[in-house]
Amino acid sequence: QVHVVESGGDSVQPGGSLRLTCAASGFTSEYYYTMGWFRQAPGKERESISCIRQLGGLPYLADSVKGRFTIDIDSAKNTVYLQMNNLKPEDAGNYYCAVVLRDLYPPTMCLPRYFDSWGQGTQVTVSS
């Protein structure tokens, strides 16, 4: 059973930075996987923020975060990192990490419905 754990959420002021970490476990190296970050604000649907493939290639980044967020993967640790810079109030929400044991391509497949293992979420608050 795949286990996903996020960490790094916090409360920051606008313009601040945070680094979210997501570690996945419970699967063997025979699988190629894709990991992603999704955000859900109160009263809104879960939206895609960023996804990255274990096999590499250009990661997916939502237009709203391009130029501010970056995603990296440490395949040896089955861990992904979401670096969030110049945070805005609209970036606030519960950030969920998810894993699917398949190679999702093209990057536009970074959608919640393609992922089947989810973490509990980590809260990000951006306010002055």
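**Exercise 1. The cavity**

Which residues lie nearest the centre of the largest cavity, and how many residues line this cavity? Work it out on this predicted model, then describe the lining by element and by class.

*Solution.*
- Step 1: Begin with the search. Over the whole structure, 1 cavity of 30 Å³ or more turns up.
- Step 2: Add the volume. The largest cavity holds about 70 Å³ of space.
- Step 3: Now list the lining. It is made of 13 residues, and C51, I52, R53, L104 and P107 are the ones nearest the centre.
- Step 4: Look for the element that contributes most. That is strand β5, residues 47-53, which gives 3 residues to the lining.
- Step 5: Sort the lining by class. There are 9 nonpolar, 3 polar and 1 charged residues around the largest cavity.

**Exercise 2. The chain as a whole**

How many helices and how many strands does the chain have? Go on to its overall dimensions and its contacts.

*Solution.*
- Step 1: Count the elements. The chain has 11 strands and 0 helices, so reading from the N terminus gives β-β-β-β-β-β-β-β-β-β-β.
- Step 2: Compare the chain with the globule rule. Its radius of gyration is 14 Å, close to the 14 Å that the rule gives for 128 residues, so the chain is as compact as a globular protein of that length.
- Step 3: Take the extents too. Along the principal axes, the C-alpha trace spans about 45 × 25 × 25 Å.
- Step 4: Turn to burial. Of the 128 residues, 43% count as buried.
- Step 5: Finish with sequence separation. Take the contacts between residues at least 6 apart in sequence: 60% of them join residues at least 24 apart.

**Exercise 3. Strand β8 and its partners**

How many of the 6 residues of strand β8 are buried? Next, find the strands joined to β8 and place Q83 among them.

*Solution.*
- Step 1: Check the cover. Strand β8, residues 79-84, is mostly covered, with 5 of its 6 residues buried.
- Step 2: Take one partner. Strand β3, residues 18-25, runs antiparallel to β8 and is joined to it by 6 bridges.
- Step 3: Take another. Strand β7, residues 69-74, is also antiparallel to β8, again with 6 bridges.
- Step 4: Place Q83. This residue of β8 has R19 opposite it, and T70 stands opposite Q83 as well.
- Step 5: Inspect the turn. β7 and β8 form a hairpin with 4 residues between them, and N78 in that turn has a positive phi of about 50°.

**Exercise 4. Two residues compared**

Is S117 buried or exposed? Treat D74 in the same way, and list the contacts of each residue beyond four places in sequence.

*Solution.*
- Step 1: Locate S117. It belongs to strand β10, residues 117-118.
- Step 2: Apply the cut-off. Buried means under 20% relative accessible area; S117, at 12% relative accessibility, therefore counts as buried.
- Step 3: List its contacts. Leaving aside neighbours within four places in sequence, S117 is in contact with V2, V4, C97, A98 and V99.
- Step 4: Move to D74, a residue of strand β7. Its relative accessible area is 23%, so D74 is partly exposed.
- Step 5: List its contacts by the rule used for S117. With neighbours within four places set aside, D74 is in contact with T79 and Y81.
- Step 6: Add one distance. D74 and G56 are 18 residues apart along the chain, and 11 Å separates their C-alpha atoms.

Note on methods
Residues numbered from 1 in each chain as written. Predicted model: local features only at pLDDT ≥ 70, side-chain atom pairs only at ≥ 80, totals over all residues. Heavy atoms only, no water. 1 Å grid on protein atoms, 1.4 Å probe; cavity = no way out; pocket = protein on both sides within 12 Å on 5 of 7 lines; lining within 4 Å. Points joined across faces, edges and corners; volume = space filled by probe spheres on them. Helix = DSSP H or I, 4+ residues; strand = E, 2+ residues; numbered from the N terminus. Nonpolar A, V, L, I, M, F, W, Y, C, P; charged D, E, K, R; others polar. Buried < 20%, exposed > 50% of the residue type's maximum accessible area, 1.4 Å probe, protein only. Pairing = 2+ DSSP bridges. Rg over C-alpha atoms; globule rule 2.2 N^0.38 Å. Contact = heavy atoms within 4.5 Å.
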